[in-house]
Amino acid sequence: MMTAGFAVGAARYRASLLGRRGRCAGGGGAAAGSVPESATVTAGDRRLAIEARNGTGEAGRLPRSYAACGISRLWRMSDAAIRRCAEPDVEAAAALLNLTSAVESRTWWADRLRQPGVHAIVADEGGRVAGAALLGIVPNFRGQLPIGLAVAEAARGRGIGTALARNLAGHAATLPAPDGGIGMVLRDDQAGGLRFAERLGLAPTNHCIGWIIALADAAALRESAAVAAARAGVRLAESTVARDRERLVEATAASVAGMPSDTPMDLAAFAAAMPDDGVLVFADDDEGTAGVALIRPDGAEGGWHTSYTGVAVRARRRGVARALKLGAFAAAAGHGGTTMHSENDERNAPMLALSEAMGMRRGRGYWSLAAKRLTRP
Ligand SMILES: CC(C)(COP(=O)(O)OP(=O)(O)OC[C@H]1O[C@@H](n2cnc3c(N)ncnc32)[C@H](O)[C@@H]1OP(=O)(O)O)[C@@H](O)C(=O)NCCC(=O)NCCS
C-alpha cells in the first residue's frame, strides 16, 4: 500500500493508494491520468474533509474522483507544531515516553528530559502534548546515545511520529557520530513501534524477557534469605548505591562474565547511571565479595525493579544467586515493596533458569535497538 499527501483547504491528509493509477478529476494540482505524489485538492467538498477526519473516510463514501485515483482511505494529518520541551511539558512528555518502557519509568524519563543539553522536543497540538522525543547527550553503558519517541495513542497515524523522528534525525546529523551509535529501548508488546523504529534505521540487538513476582512478607523473606545464604556459605549485607558505588563497579566487573552482550559495557557508566537511592545487597564470603544485587523502586506504587544480579565466577553454582535474589526481595519488601520486576536477555540461559526457579512469572520485556546513524524518515 502506497501513501501520498494532499491538502484540502488548510488541512493536510494522508491517503492510502491502492497502487493503481486512474484519472484524477478532483484536484486543482493533480495531474490528470496519474496519482499525484502531492497535490492541492480544492475539492470544495466539505463532506470529504469531515469524513476523512480520524480516518473514517472509506472508498465508498469518497467522491468518485478520489476512487478513480485509487484512494481508499484518508487520514487527516496533524497540524501539530514541533517545539522544544519546556518545564510545563515535562510531566506529559515523560508519561508518553513511559509508554515505550517495560516498567514504570516516568521519573527516569522526566530526569532525562530535564538534563541540560539534551535535545528534547514535543509535538504541540492545540496546546496539548501529543508526542514527545529526545536524543540524550550522555552515552548509556553501551556507549550509545539514547533516543526515545512516543505519540499519544489517540494522536497516532497522523504523521506526528514521523515529524518527531525527522527532527531527531536532523539534530543527530549535526552531532559527531557517537562511538556506540544511537540506542533505543522499546517495550516488547509494541509491534508498531518496532516497525517504526526500523524505518529510522534502528535494528534490534537483543530481546529481554520480563519477569514479575508478588513479594511475600518482609520477615518471611528475610528468613528464607538467611537460610539460602547459610547454604551458599555467604553473609548478606544491605547498602545503597550512594554509599557503595565504587564497590558496585568492582562487584559487577567480577561477575559480568557470561552475560550476553553485543557491545562492550562501560561498567562505570552503568554504575553512574544508577540512582543514589538504589539498594545494594552484597553476598560476602571469606574471599571477599561473592555477588551483588542492585534493586530500586520503579516509581509505581509498591513496584521495585532488579537492575542487576551477578555472582563472581569463582562462587557460581553454589546457591549465591538464589540467596541474593531472596535478600533483594526481602530488602524491597522491607522498604514497602509489593512487586519485583526484572528483565533478562533471552540468550542468558542461567539467568532465565534462576528467575524461573525463584517462582517469577513472565511479564513485559523489551527490545534493545541500535543504529550507527539515524535514517531521516
Ligand atoms: C546467573 C547467575 C547470577 C547465577 O549465579 P549462581 O550463583 O551460579 O546461581 P545459583 O547457584 O544460586 O543457582 C540458583 C538456580 O539458578 C539456576 N541456574 C543458575 N546457574 C545456572 C546455569 N549455569 N545453568 C542452568 N541453571 C542455572 C538453577 O535453577 C539454580 O538452581 P539449582 O542449582 O538448584 O539447579 C550467574 O551465572 C552470573 O552472575 N551471570 C553473569 C551475570 C548476569 O548475567 N546477570 C544477569 C544480568 S541482570
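Colleague: What makes β11 and strand β12 (residues 279-285) a pair, and in which sense do they run?
Modeller: The two are joined over six bridges, in the antiparallel sense. Strands count as paired if DSSP finds at least two bridges between them, so β11 and β12 qualify. One partner in this pairing is L236, whose bridge partner in β12 is A283. This is a predicted model, where local features need pLDDT of at least 70, side-chain atom pairs count only at pLDDT 80 or more, and totals for chains, interfaces and linings use all residues. Residues are numbered from 1 along each chain as its sequence is written.

Colleague: Why does one side of β5 (81-84) and of β11 (235-240) have no neighbour in the sheet?
Modeller: The sheet is open and has 12 strands, in the order β5-β6-β7-β8-β9-β16-β10-β15-β14-β13-β12-β11, with mixed pairing. Both β5 and β11 stand at its edges with a single partner strand each, so one side stays free. A strand here is a DSSP run of E, at least two residues, while a helix is a run of H or I, at least four; both are numbered from the N terminus.

Colleague: How do you know that α11 packs on the sheet, and which strands are involved?
Modeller: α11 touches β10 (203-214) and β15 (339-345), where contact means C-beta atoms, placed from the backbone, within 7 Å. Its direction makes about 155° with that of β15; angles run from 0 to 180 degrees between N-to-C directions of axes fitted to C-alpha atoms, for helices over the stretch in contact.

Colleague: Which element gives the largest share of the shell around the ligand?
Modeller: α11 gives it, with six residues.

Terms used: Two residues are in contact if their C-beta atoms, placed from the backbone, lie within 7 Å.
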